[in-house]
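Dear colleague,

Here is the structure for your files. My notes on it follow below.

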Amino acid sequence: MSRLPRLPRLVATDLDGTLVRSDGTVSAYTREVLLELDRRDVPVVFVTGRPLRWAADVFEHVGAHGLAIISNGALVWDVTGDRAVLERPIQPDLGLEVCAALRAAVPGTAYAVETMRGIELEPGFMERYQVPDAARRAPVEELFDAPALKLLARHEELEPQEFWDVAEEVTGGRLVVTWSSSTTLLEISGPEVTKASTLELLCAERGIEAADVIAFGDMPNDLPMLGWAGTSYAMADAHHTVTAVADHVAPGHDEDGVARVLAGVFDL
């Protein structure tokens with residue numbers, strides 16, 4: 001790849017479909033590249049839609065700086081200190097207002113909420129991944145009794161784009177609606193909460209400008225981040241909307257695309 005005008009000061013990367021391989025692992029090659037960047041004092045920030053309980057599976061690779069942006073920007077987690085340093089949740093009144101409006105527009109919508117306690121689901125919410133045995137199941141009016149990091153809306157009949165379009169119209173910008181799943185699952189965040197807006201806050205605290213950030217992603221929830229970063233890469237197997245926005249295309253996630261691009265940029 002061609003060299004950038006100046007070396008990035010921070011790397012921001014999505015996890016699933018981007019840094020993490022299809023089998024859920026981070027390759028030895030990618031680990032070594034991340035470690036080398038850490039040795040060079042270039043932080044690699046994991047910016048993921050995953051909730052904290054899943055993101056923790058890859059925290060060992062985050063480096064000595066120890067920060068990760070979780071749940072599409074709703075939480076900044078200090079990995080080393082094992083604590084939250086920023087929370088940007090959805091308030092219950094607004095969340096329930098949107099739930100009622102979306103369900104009225106799209107009957108059959110089922111909800112779950114992600115909080116610091118974990119996931120809590122409506123009885124009709126058909127989760128595709130293993131749910132903790134202790135997860136509470138109840139109507140969303142009972143679940144949404146405290147600020148939530150993320151609201152999940154699932155439909156078993158609509159296509160993702162169709163569901164997203166309706167949700168965007170219904171919410172009217174009151175909350176942020178995106179998706180990153182191959183199934184019809186919307187991920188809803190608080191007002192103006194995106195991967196980009198939280199990354200911008202994190203970078204501002206460190207005196208890092210957008211022009212000094214290189215970012216990688218593959219799904220619509222990465223679009224704000226890729227549009228904000230000075231240099232952006234879509235993965236080779238990314239959603240078409242992501243490829244359209246990104247500056248460049250990296251090899252696929254099963255080919256260690258993020259690591260290979262970074263090795264070229266930093267001459268590793």
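Strand β12 (residues 231-235) pairs with β13 in the parallel sense, over three bridges. One residue pair to look at is Ala234, whose bridge partner in β13 is Val249. Please keep in mind that this is a predicted model.

Both strands belong to an open sheet of eight strands with mixed pairing, in the order β5-β4-β3-β2-β1-β11-β12-β13. The edges are β5 (83-87) and β13 (248-250), each of which pairs on one side only. On average, neighbouring strands of the sheet are turned by 25 degrees against each other, direction ignored. Helix α9 (residues 257-265) lies across β1 (10-13), β11 (213-217), β12 and β13, and runs at about 160 degrees to β11.

On the domains: the domain assignment gives domain 1 as 10-88 + 193-266 and domain 2 as 92-189. Their centres, taken over C-alpha atoms, are separated by 24 Å. In the interface, 18 residues of domain 1 are in contact with 16 residues of domain 2. About 1,400 Å² is buried between the two domains, 63% of it on carbon and sulfur atoms.

The count of salt bridges between the domains is one, and four residue pairs are in polar contact, both residues being at pLDDT 80 or more. On the side of domain 1 that touches domain 2, the elements giving two or more residues are α2 (52-55), β4 (75-78) and β5. The largest share of that side, three residues, comes from α2. As for the charged residues, Arg53 forms a salt bridge with Glu114, with the closest N and O atoms 2.5 Å apart.

Regards

Methods. Residues numbered from 1 in each chain as written. Predicted model: local features only at pLDDT ≥ 70, side-chain atom pairs only at ≥ 80, totals over all residues. Heavy atoms only, no water. Pairing = 2+ DSSP bridges. Helix = DSSP H or I, 4+ residues; strand = E, 2+ residues; numbered from the N terminus. Axes fitted to C-alpha atoms, helices over the stretch in contact; angles between N-to-C directions. Contact = heavy atoms within 4.5 Å. Domains from an automatic or database assignment. Buried area = accessible area lost by both parts, 1.4 Å probe. Salt bridge = Lys/Arg side-chain N within 4 Å of Asp/Glu carboxyl O. Polar contact = N/O pair within 3.5 Å; in protein donor to acceptor, adjacent residues only side chain to side chain.
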